[in-house]
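This briefing introduces one structure to a reader who has not met it before. Please keep the sequence and the 3D view open while reading.

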Amino acid sequence: MRVVVIGAGMGGLAAATDLARRGAEVTVLDRAASAGGKARHVMVDGVGIDGGPTVFTMRWIFSGLFEDCGRRLDEFVELYAAETLARHAWRRGGRLDLFADVDRSADAIGAFAGAADARGYKAFVARSTDIFATLKDSFIAGQRPSPVELVRRVGLSRIDALWRTMPWATMWQALGGYFTDPRLRQLFGRYATYCGCSPFLAPATLMLVAHVEQDGVWLVKGGMKRVAEAIRELAETQGARFRFGTEAAEIIVEGGRVIGVRLMDGERIEAEAVVFNGDVAALGQGMLGERARRGVRDTPRAARSLSAITWCVKAPTGGFPLTHHNVFFAEDYAEEFDAVFRRRQVTAAPTVYLCAQDRGHGEVAAGAAERMLLLVNAPPDGDRGEPDPVVLRDIEARSLGLLHDCGLEIAMDSRNSVTTTPAGFHRLFPGTGGALYGRASHGATGTFARPGAKGGVKGLYFAGGSVHPGPGIPMAAMSGRLAAAKLLEDSATR
Ligand SMILES: Cc1cc2nc3c(=O)[nH]c(=O)nc-3n(C[C@H](O)[C@H](O)[C@H](O)COP(=O)(O)OP(=O)(O)OC[C@H]3O[C@@H](n4cnc5c(N)ncnc54)[C@H](O)[C@@H]3O)c2cc1C
């Protein structure tokens, strides 16, 4: 069977690997010059800096992909367990590290906010573990269920476990039950942004992200881009072929089923099936042809997930002991998400995430330039054009101002940094408006609005962060595995 995979993001790479391993003749196309999609390198002053995902979790998903090919992930990628998960600092005062070790984190929280919040933290860890256990096989690692199917998979006898996943409460409300210190509510509420959501709108179910981090954050030698390259190499060992700098213009549908792909230059590639790894919103907009659009809706602007403004920087820093993952919080979290999702602006005082990519499994000599990604949340309106340069400069100045107020100085200027705006992300990832995580999983049932692995046309399948089970590199890889499984199941019964 001939299969074309459009997109060499994590979902496309995983799908290609499984399909090739099971004997399909797989061609992977990507308009970009190399594998990884959002896991891309931005070149600054001659060096590659991870400009997309930086937090590597759920290693078991990647290990499974390699082991099913008879290989080991660590043959391809050097991983180091992070002892410090992240360092957090607040402008109004306070610094807190979270550790891989729960007791160590609880002690740190006790010293930071008091014994009640340390106890609250332990209860929170237990609850996030419980939510994850309930949803791991029933939701994350399975084909997309309907709400009724989810109840069936979890089992009526365990309906209380499903109730404890708290889809009816917002994450922010639920966190109030564990933490009295507003800074801790802010810290743990930020996990909603891992899925492109506001903690004020996302269901408390997303507290499971805390468990995912607690289960292991890994630092990758060569950065996240290396993970993508490793899966490309793995897929090649199984016989998949890659064509980069190659954009699909149309998924060709005849007689109600997929028969191939037409490229931008007019070339046709025949195939019995296509896995689309771009954002499904692009399909919904008809960007891959009217016929492939069947059964897929565009994502309404109001339902898009977060975008970001990022700066990839190579510069010396001083004044603050950076670790690999760092978060600098301003004071008003509610205002930050209200600005992004309702007023469609970057707030006056945005939270800044900073990944110091040379730290954590190596140190940086004093005064030496180091590689960093800085990120602030932004509205997904990149299809409305670039932000006003004056506004953009102001956001940059205010972000650096927050770092300064927390003690960190970065000698950053236009020569040692590259900025990516929502419009830039929109150009890289068509149909998205710069939304980086597909639809936002807001409300009790938002997560069920993501399509499953199968399109509305015979022979069309979906993989990636815009479909079930959701965004993030492990989840996107899981979606690719689910798409391959569904495709193979359908072809066996045809
Ligand atoms: C700044 C940023 C920070 C993030 N941080 C994290 C993090 O720390 N941890 C984490 O786990 N996740 C993080 N994420 C999310 C994570 O990167 C994504 O969820 C995941 O990588 C998406 O993978 P995907 O399979 O959807 O493919 P994508 O990465 O979206 O790639 C899709 C590919 O399809 C190609 N394509 C699209 N249309 C066509 C076409 N017509 N023809 C040919 N090719 C096409 C594109 O060029 C692209 O390469 C972050 C994302 C960003 C942008």
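The notes below cover the ligand site, two sheets and two local backbone features.

The model is predicted. It holds a ligand with 31 residues around it, and the protein covers 93% of the 1,000 Å² of accessible area that this ligand has on its own. Two open sheets are described: one of five strands with parallel pairing, and one of three strands with antiparallel pairing.

**The ligand and its surroundings**

- Among the 31 residues that surround the ligand, the closest are G11, D30, K38, G465 and G472.
- By type, the shell around the ligand divides into 13 nonpolar, 14 polar and four charged residues.
- At least two residues of this shell come from each of α1 (10-21), β2 (25-30) and α16 (473-493).
- α16 gives the largest share of the shell, with three residues.

**Polar contacts of the ligand**

- G465 has a polar backbone atom 2.7 Å from an oxygen atom of the ligand.
- N277 uses its side chain instead: a polar atom there lies 2.9 Å from an oxygen atom of the ligand.
- A nitrogen atom of the ligand is 3.0 Å from a polar backbone atom of A248.
- With the ligand in place, 93% of its 1,000 Å² of accessible area is covered by the protein.

**The five-stranded sheet**

- The strand order in this open sheet is β9-β2-β1-β13-β21, and the pairing is parallel.
- β9 (241-244) and β21 (460-462) are the edge strands, and each of them pairs on one side only.
- On average, neighbouring strands of this sheet are turned by 20° against each other, direction ignored.
- Strand β1 (residues 2-6) and strand β13 (residues 273-276) run parallel and are joined by four bridges.
- V5 stands opposite V275 in β13.
- The helix α16 packs on this sheet, where it touches β1, β13 and β21.
- The direction of α16 makes about 155° with that of β21.
- Two elements of this sheet and its packing also serve the ligand site, since β2 and α16 each supply at least two residues of the shell.

**The three-stranded sheet**

- This open sheet has the order β10-β11-β12, and its pairing is antiparallel.
- β10 (248-254) and β12 (268-270) stand at the edges with a single partner strand each, so one side of each is left without a neighbour in the sheet.
- From one strand to the next, the twist averages 30°.
- β11 (residues 257-263) and β12 run antiparallel, with three bridges joining them.
- V261 has I269 in β12 as its bridge partner.
- β10 begins at residue 248, and A248 is the residue whose polar backbone atom is 3.0 Å from a nitrogen atom of the ligand.

**Local backbone features**

- The peptide bond from H468 to P469 is cis, with omega near 0°.
- P469 is placed in the loop between β21 and α16.
- D45 is not a glycine, although it has a positive phi of about 50°.
- The position of D45 is in the loop between β3 (41-44) and β4 (47-50).

Conventions:
Residues are numbered from 1 along each chain as its sequence is written. This is a predicted model: local features need pLDDT of at least 70, side-chain atom pairs count only at pLDDT 80 or more; totals for chains, interfaces and linings use all residues. Side-chain values use heavy atoms; hydrogens and water are left out. A residue is near a molecule or strand if one of its heavy atoms lies within 4 Å of it. A polar contact is a pair of N or O atoms within 3.5 Å; within protein, one must be able to donate a hydrogen and the other to accept it, and residues adjacent in sequence count only if both atoms are side-chain atoms. Accessible areas come from the Shrake-Rupley method with a 1.4 Å probe; for residues, only the protein chains shown count as cover. Ala, Val, Leu, Ile, Met, Phe, Trp, Tyr, Cys and Pro count as nonpolar, Asp, Glu, Lys and Arg as charged, and the others, Gly among them, as polar. Two strands pair if DSSP finds at least two bridges between them. Axes are lines fitted to C-alpha atoms, for helices over the stretch in contact, and angles run from 0 to 180 degrees between N-to-C directions. Contact means heavy atoms within 4.5 Å.
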